[in-house]
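Work through the exercises below with the sequence and the model open. Try each task before reading its solution.

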Amino acid sequence: MKGLRSERLKARLAAWQGQVKPVAAVASGQLLRVVGLTLEAVGCRAPVGSLCQIETEGGSLTAEVVGFDDQILYLMPVEELKGVLPGARVTPLGARQGLAVGPELLGRVVDGNGEPIDGLGPLMTRNRSSHHATLLNPMARRPVEAPIDVGVRAINALLTVGQGQRMGLFAGSGVGKSVLLGMMTRGTNADVIVVGLVGERGREVKEFIESILGPKGRARAVVVAAPADTSPLMRLRACETATRLAEYFRDCGKNVLLLMDSLTRYAQAQREIALAIGEPPATKGYPPSVFAKLPKLVERAGNGGPGQGSITAFYTVLTEGDDQQDPIADGARAILDGHVVLSRALAEGGHYPAIDIEASISRVMPQVTEEAHLQAAQLIKQLWSAYRQNQDLIAIGAYSQGSDPKVDKAIALQPAFTAFLRQPMTQPVDYETSLTQLARIAAQCKG
């Protein structure tokens, strides 16, 4: 009997041992120092990009590992830094949770982590995706061959954008870039719109959603918001979350319009993090990691492979003091497929959208337009440029009629040009209508 019982106990123990999975012990460390927004911890091991929990007076604080030096971990808080004490316990939590994805996100407003902030309850989706998508092989991408309607006549006709193109929207402060983005969301024929509002004033977030985006635009849009008062880590994440959501919808076969406001705030957030952990500044205070991250973010947009959709992206770039040679503006211009420049002089004259046709270009326009369209656009740009170059002489009466036939024609057609380039915010103009009106004004130029 004893032998039989012993055999049964051994069998049961063997069965239990097979079900028990070993659990690796997680060693907690302690907080060594806090300098600005950077926390230094010792005594624990965690990979870069993982999360840690820090005990505070008011509970716990979540921080992300952004670097290390020998045995010291550099952490950056995800939320506001408060109640932290010397020697506080630091416990590694592992990798970040997956990002909630799915059609249920349409019409919602989320933060940089993908969590809802619109007061409409939790996201009713069980689908989760990694924060980091697999990079597409450039040889697997479809070429940019078809135009996309953005609802703005000046862009549709003179700066035609192709599906899968990455454009920069270069503007100083207060010249109407947010209004132009709103016009695109209401007038585009894209299936899904993803809007990233990063580093903006908190007041502007709700104003953009309710007044500029509107109920119709919001119904097919996802808004990712990280205002200026959030941590640099959250602002950095917001841009990456918006891009990841756009990638999800593209992989589902949708044509996505990604509007990122702004690429400059993304670069500034990375600068804050890099300088805080000791990376040396290089160009006008920007460390090298900033210029390494910009192309990694931008290159994720574009056309997908066979069976996938496309991401047509507009990235706003803030030009400090309207300086087009700002390092971020200069770097962005090199990695984008064109740029739309907003002019402060036009905005101050009440010309909206304040698009500077001379300084703007779409590099893929010849690939997505017919020859007649391209020639008409070039003719109008030439006459507009001739007028702008002689505008001061014309204004003071120093220009003599008949001196230059091209300038004479530009002066005569100036009212028609101005009416063509201006457009009310609430009146989108589709692509076909834009081409019809372009052909009509081009015929006047030739007559």
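## Exercise 1: A loop and its cis bond

Task: Place Ser 262 in the secondary structure, then describe the peptide bond that joins Asp 261 and Ser 262.

Solution. Step one: Ser 262 sits in the loop between β13 and α6 (263–276). Helices (H or I, at least four residues) and strands (E, at least two) are DSSP runs, numbered from the N terminus. Step two: the bond between Asp 261 and Ser 262 is a cis peptide bond, with omega about 15 degrees. Step three: Asp 261 itself belongs to strand β13 (residues 255–261).

Two notes on the source apply throughout. This is a predicted model, in which local features need pLDDT of at least 70, side-chain atom pairs count only at pLDDT 80 or more, and totals for chains, interfaces and linings use all residues. Residues are numbered from 1 along each chain as its sequence is written, and side-chain values use heavy atoms, with hydrogens and water left out.

## Exercise 2: The surroundings of Asp 261

Task: Is Asp 261 buried or exposed, and which side chain of opposite charge is nearest?

Solution. Start with burial. Asp 261 is buried (under 20% relative accessible area; exposed is over 50%, partly exposed in between; 1.4 Å probe, protein chains only). Next, look for a partner. Lys 177 has the nearest side chain of opposite charge, 4.6 Å away. Lys and Arg count as positive and Asp and Glu as negative; His and the chain ends are not counted. Asp 261 has no salt bridge (a side-chain nitrogen of Lys or Arg within 4 Å of a carboxyl oxygen of Asp or Glu). Last, check polar contacts. The side chain of Asp 261 makes one with the side chain of Thr 316, at 2.7 Å. A polar contact is a pair of N or O atoms within 3.5 Å; within protein, one must be able to donate a hydrogen and the other to accept it, and residues adjacent in sequence count only if both atoms are side-chain atoms.

## Exercise 3: The largest pocket

Task: What lines the largest pocket, and which residues lie nearest its centre?

Solution. Take the lining first. It has 31 residues, and Gly 174, Lys 177, Ser 178, Arg 201 and Glu 204 lie nearest the centre. A pocket is an open set of points on a 1 Å grid over the protein atoms alone, where a 1.4 Å probe fits, with protein on both sides within 12 Å along at least five of seven lines; lining residues have an atom within 4 Å of a point. Then sort by element. Both α3 (177–187) and α4 (202–218) supply at least two lining residues. The largest share, six residues, comes from α4. Finally, sort by class: 14 nonpolar, eight polar and nine charged residues. Here Ala, Val, Leu, Ile, Met, Phe, Trp, Tyr, Cys and Pro count as nonpolar, Asp, Glu, Lys and Arg as charged, and the others, Gly among them, as polar.

## Exercise 4: Salt bridges

Task: How many salt bridges does the rule give?

Solution. The count is 13. Three pairs are worth tracing.

- Glu 299 and Arg 166 meet at 3.4 Å, N to O. Glu 299 is in the loop between α7 (288–298) and β14 (302–303) and Arg 166 is in strand β10 (residues 166–171), so the pair ties together parts 133 residues apart in sequence. Glu 299 is partly exposed at 39% relative accessibility; Arg 166 is buried at 10%. Both join Asp 337 in a network of salt bridges.
- Arg 244 and Glu 247 have their closest N and O atoms 3.5 Å apart. They are three residues apart in helix α5 (residues 232–251), so about one helical turn separates them. Arg 244 is buried at 9% relative accessible area, and Glu 247 is buried at 3%.
- Arg 388 and Glu 358 meet at 4.0 Å, N to O. Arg 388 is in helix α11 (residues 371–389) and Glu 358 in the loop between α9 (344–348) and β17 (361–362), 30 residues apart.

## Exercise 5: Backbone checks

Task: Where does Pro 353 lie, and which residue has a positive phi although it is not a glycine?

Solution. Pro 353 lies in the loop between α9 and β17. A cis peptide bond joins Tyr 352 to Pro 353, with omega about -10 degrees. The positive phi, about 60 degrees, belongs to Asp 70. Asp 70 is in the loop between β4 (59–69) and β5 (72–77), and counts as exposed at 65% relative accessibility.
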